[in-house]
Amino acid sequence: MAIPTKLLLLQLFTFSLLLTANLTHSEPSNNRHSKEYCAMYDICGHRSDGKVLNCPYASPSIQPDELFSAKIQSLCPTISGNVCCTETQFDTLRSQVQQAVPFLVGCPACLRNFLNLFCELSCSPNQSLFINVTSVAEVSGNLTVDGIDYHITDTFGEGLYESCKEVKFGTMNTRAINFVGGGAKNFREWFTFIGQKAPSGFPGSPYAINFKSSIPESSAMVPMNVSVYSCGDTSLGCSCGDCPSSPACSSPEPLPPHDEDSCSIRIGPLKVRCIELSMALVYVLLVSCFFGWAGLNRRRNTTQPLDSSKPLLHPVEEDGINSEMKENILGVKVQRHAQLSPVQRYMAKFYRSYGSWIARNPSLVLFMSVAIVLALCSGLYNFKVETRPEKLWVGPESKAAEEKKFFDTHLSPFYRIEQLILATVPDPKSGRAPSIVTDENILLLFDIQQKVDQIRGNYSGSEVSLPDICLKPLGEDCATQSILQYFKMDSGTFDDYGGVEHAEYCFQHYTSSETCLSAFQAPVDPSAVLGGFSGNNYSEATAFVVTYPVNNVIGDSSNENARAVAWEKSFIQLAKEELLPMVRSKNLSLSFSSESSIEEELKRESTADVITIAASYLVMFVYISVTLGDAPQFYTFYISSKVLLGLSGVVLVLLSVLGSVGVFSALGVKSTLIIMEVIPFLVLAVGVDNMCILVHAVKRQPREVSLEQRISSALVEVGPSITLASLSEVLAFAVGAFVPMPACRIFSMFAALAIMLDFFLQITAFVALIVFDCKRSADNRIDCFPCIKVPSSSRESVEGGREPGFLERYMKEVHAPVLGLWGVKMVVVAVFFAFALASIAISPRLETGLEQKIVLPRDSYLQDYFDSLSEYLRVGPPLYFVVKNYNYSSESRHTNQLCSISQCNSNSLLNEISRASQASDTSYIAKPAASWLDDFLVWLSPEAFGCCRKFTNGSYCPPDDQPPCCTAEEDICSLDGICKDCTTCFRHSDLVQDRPSTAQFREKLPWFLNALPSADCAKGGHGAYTNSVDLKGYESGVIQASEFRTYHTPLNTQGDYVNALRAAREFSSRISNSLKIDIFPYSVFYIFFEQYLNIWTVALTNLAIAIGAIFIVCWLITSSAWSSAIIVLVLVMILVDLMGMMVILGIQLNAVSVVNLIMSIGIAVEFCVHISHAFLMSSGDREHRAREALETMGASVFSGITLTKLVGVIVLCFARSEIFVVYYFQMYLALVIIGFLHGLVFLPVILSLAGPPQLNLDIEQQQTDEASSSLLN
């Protein structure tokens, strides 16, 4: 994914190359081992690759002149007096040691020990005491050294390794020992690496060096044992980042793991969470108290005789309603009307008058209502769809969005990623995948690369190739991350380099071997190009990971991104049509992705489920048509059916959706694909409920009265509950507009307005359509063909009365009586409370996040790609710590508060990052950070004499191995070129405590950022830090923005991403507060995962607001706090049960599910409001009123609400998009079932046990016989 190496070529030669070449020289051949004697002196020849060879002649040490002695002292302060090297030998030593100095200069103790090792080998006056020439070779007629024994004490070797093992090489986010020691794990491995004789043309020593720690008993030799410095030495102290074992450095304190519920209790072998145990205890206490109360209440009731004057059930007349209800419907004025709230009285009065008016003027109402909505639809002219993921899932006001904008503006936007993952297929028997690192597979990858190189995208008639758009940090070669880089991306070198053996060699020596350098002259970390391995067992890798970094441009005024998208489309097409068949023929798997893949697949998703959505609408339409009609009878079906009415209702739903989209489009709000696919379904599911209730209410009216009175009475009966339900739904959806995620916020806004418009059309246009349908039926006209009138003989059967339907009979004869049984009530309460408390107990297990695979079509190629990322990738996303307003002036303490080399604060930013990386399990930081500041300070240092140099005129002088000091044609850079007079930029006396002044910092920073890294100076900042520092306005002494780059550990789950973001934020906050510097972390995925840091707070807050709003609405309309509290109780139970089902089904908590939870409150209201309203308005004892409410509204709730949603939801299980299946099929199916059980089972039981008192006392009726007779006529 990332390009850890894109920035430096330094790696080139293992440090061994650097140094060993310097030290070879010699003298006479008798093996005399004594003080002041040399084992080798002077140079007697050169190898074919130009490396010098020492003379194998023992001789007395030589007294140098004063100037030469001073030069030796500057590099080798332990050597004084006589020496065993010529000035030419010393200059060679110095020129090659300078290659290693930049790696180690940040830790003076390590550098001093390291220099002492080679100073003693080359120039010590007592060289013969610990050096023994073991073999010689003849070169051009002269004997030269071919092998030596170097006797060194274990004390020095151990001290050297311990002082250097933790020294960082920031440019590569790794340890310097990987470069100068081949990744040695101890000093013996390091010495073995150094002592290998390098083949001609390869980096390393020109002769074999055999490091030994023991001396033969008879020998006069003495092991070399100069003083060794600890990295914690105060005089040569290293930073805590380079020497964490120093007593001055506090031990790392890992951040505690984020645990939502760390409290747990062990009961025997069972470990339970505190919340689970608490809920169990609460359940036992609650059920015990309830059973006790219920038992006492029942005994008290049995001692009181029943009122024989009030029958348990009112007699049912022919028209299917009891006489008391009939009186109420017919407008009988009873005393209870005086106890209705003002809102209820107004609503009853309004609906009675409105019903009469609409029955008289259906055409006017239909025309006006439809015209209003059509006018709102006119805004569709500005309709636009948003498909960009960052605009869909991230709010512009989010902290992550602001940080991303700052990073992209001041530094550089993260590059575009194009990726291929080639993997072996697991063996069907063993289940293990074989290694992919074979000659055949590497050659196959070369074939794939050849096809990728031939890709030509088409942008505005011009061809676009990969080199046109790829990232090129150093030179003209793309920084492609591939195993092929070990062969310089050239298939012609595959056999020359040794095939797969060379690749396996490079896995271990990628930082130290020049032959392993990439074509773009930087080392390639095998963990970035291989996958499916454990630890450092790269040869066991089961996947090749090929990453093509492509330039990314903010604003894209030059159309660079558009050119990249054109290439990416061709890249994906090639992968699908050619690469996949090629790979599968070799029994391998291939997954792939481009930067624009997700956006393109989201666009494709918009048409992926058209058939499924259409089928869902069709099924719901068929069901509506059937359920709105009367019980089917063959001879009257064509009259009593409501197909045309149902179709009209569906059209009204679509109009309400279009009106909502039109309004927001006119306001400039872009729509989303999910709006166009889901909102019509949701509004239809919600709207059908009210359509069924309205039609059933009209059917329940006595047919003897006029149509105007039937419509008026029906609206009086169900209008308040429909209003209450719709208003609650609108409020619940509107609360979703506070969710930070734009896609879900916009969805909620569109849905709220759509439901409001749907309610408006239901009580206007749909009621008018009911009037027309009643007239059609009364006139004996055929449904769907109202122009056709059937003979009047059939009319008597139609008008002869309406028999109760199956559901009505079931509710009256089975459902209500069974729920009335005392034992059933106890079981119902116990079971429902158990589910509710169990759901609360497991709800903390609800995971946060939204898997990317979920939002894509099931057949998307990205499904396999995301699986491969999780399975194979061993490198985490890049992590940048961004520092704002860094004051580099001499007076400021910022420099030492940020850096991690010698004399930096122990609690500096980079030292703390290094500490955090040691506790990667909790910090999610994989490596110390690459630090431009550390490398800049080292580059400036006089010790790094090959780096910051200047000509005599003060201009920048490059290292000796770069033009113009050394031309590309030269194999060896001589010391006699035009750069021989270059000097280091500063002497120690020019610096203040080894730190540059403000002016020095200001002048040399651009030099550093433009300096190319090379063997002579690996610390050059070009490529590695080109975009790490914002130089705009830096002349003032303040750098507005700079970044320090590291990596997260591999993140495989949504929880990993969330916890990594949280840990980085907490770490940065702690460091910022400690240092009083503005620091924030940035990674490309933060912008998508920030919402999950407080998703629980957002969810619970919005749910509480929605429930509170519904309680207030219910209270205002019903004037019964008791009834409203019961509704809220049931809603909360439905909500927590739904959350429990989310845990069981593995549905994550994210903005989509939060909106669904909020919407579930609005939808669940319908399961409760109609039953509770009917209970509140009925008379009698609680038992009777509960039965009456079920008999009156139970069938409508079951058929109009439960079954309608059920048939529509079930169709969604066939959707191709996983998000529909998970978040709409599974969640809505669970909601429908849970809502049905609570609304038609639990709620009637609770109402029968503890329902609110009746609003009507139903005492003396105040009406006249004349009024009664007039109403009945």
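Start with the whole chain in view: of its contacts with a separation of 6 or more, 77% are between residues 24 or more positions apart. Keep in mind along the way that this is a predicted model.

**The whole chain**

Colour by secondary structure, and you will have 45 helices and 25 strands to look through. Switch to a surface next: the accessible surface comes to about 50300 Å², and carbon and sulfur atoms hold 57% of that area. If you colour by burial instead, 58% of the 1273 residues come up as buried.

**Stop one: Gln 449**

Now select residues 439–453, which form helix 16, and pick out Gln 449 within that helix. Is Gln 449 buried or exposed? Its relative accessible area is 6%, so Gln 449 is buried, the cut-off for that label being under 20%. To see what Gln 449 touches, show Leu 484, Met 489, Val 546 and Tyr 548. That list leaves out residues up to four places away in sequence.

**Stop two: Leu 1075**

Move on to helix 38, residues 1054–1075, and select Leu 1075. The relative accessibility of Leu 1075 is 4%, so this residue counts as buried too.

Which residues does Leu 1075 contact, once neighbours within four places in sequence are set aside? Show Gln 897, Asn 907, Ser 908 and Leu 909, and you have them on screen. Leu 909 is a nice one to check with a distance label: 166 residues separate Leu 909 from Leu 1075 along the chain, yet their C-alpha atoms are 8.2 Å apart.

**Stop three: helices 40 and 42**

For the last stop, select residues 1095–1118 for helix 40 and residues 1151–1177 for helix 42. The axes of helix 40 and helix 42 lie 11 Å apart, and the packing angle is about 20 degrees. Angles under 35 degrees count as roughly parallel, so helix 40 and helix 42 earn that description. What is the handedness of the crossing of helix 40 and helix 42? The crossing is right-handed.

Show side chains to see how the contact is made. On helix 40, display Ile 1095, Ala 1099, Asn 1102, Leu 1103, Ala 1106, Ile 1107, Ile 1110 and Thr 1118. On helix 42, display Ala 1151, Val 1154, Leu 1157, Ile 1158, Ile 1161, Val 1165 and Leu 1176. Colour this contact by residue type, and helix 40 and helix 42 together show 13 nonpolar residues, two polar and no charged.

Notes
Residues numbered from 1 in each chain as written. Predicted model: local features only at pLDDT ≥ 70, side-chain atom pairs only at ≥ 80, totals over all residues. Heavy atoms only, no water. Axes fitted to C-alpha atoms, helices over the stretch in contact; angles between N-to-C directions. Helix = DSSP H or I, 4+ residues; strand = E, 2+ residues; numbered from the N terminus. Parallel < 35°, antiparallel > 145°, perpendicular 65-115°, else oblique. Left-handed = near helix turned anticlockwise from the far one by under 90°. Contact = heavy atoms within 4.5 Å. Nonpolar A, V, L, I, M, F, W, Y, C, P; charged D, E, K, R; others polar. Buried < 20%, exposed > 50% of the residue type's maximum accessible area, 1.4 Å probe, protein only. Areas by Shrake-Rupley, 256 points an atom, 1.4 Å probe, with all protein chains shown as cover.
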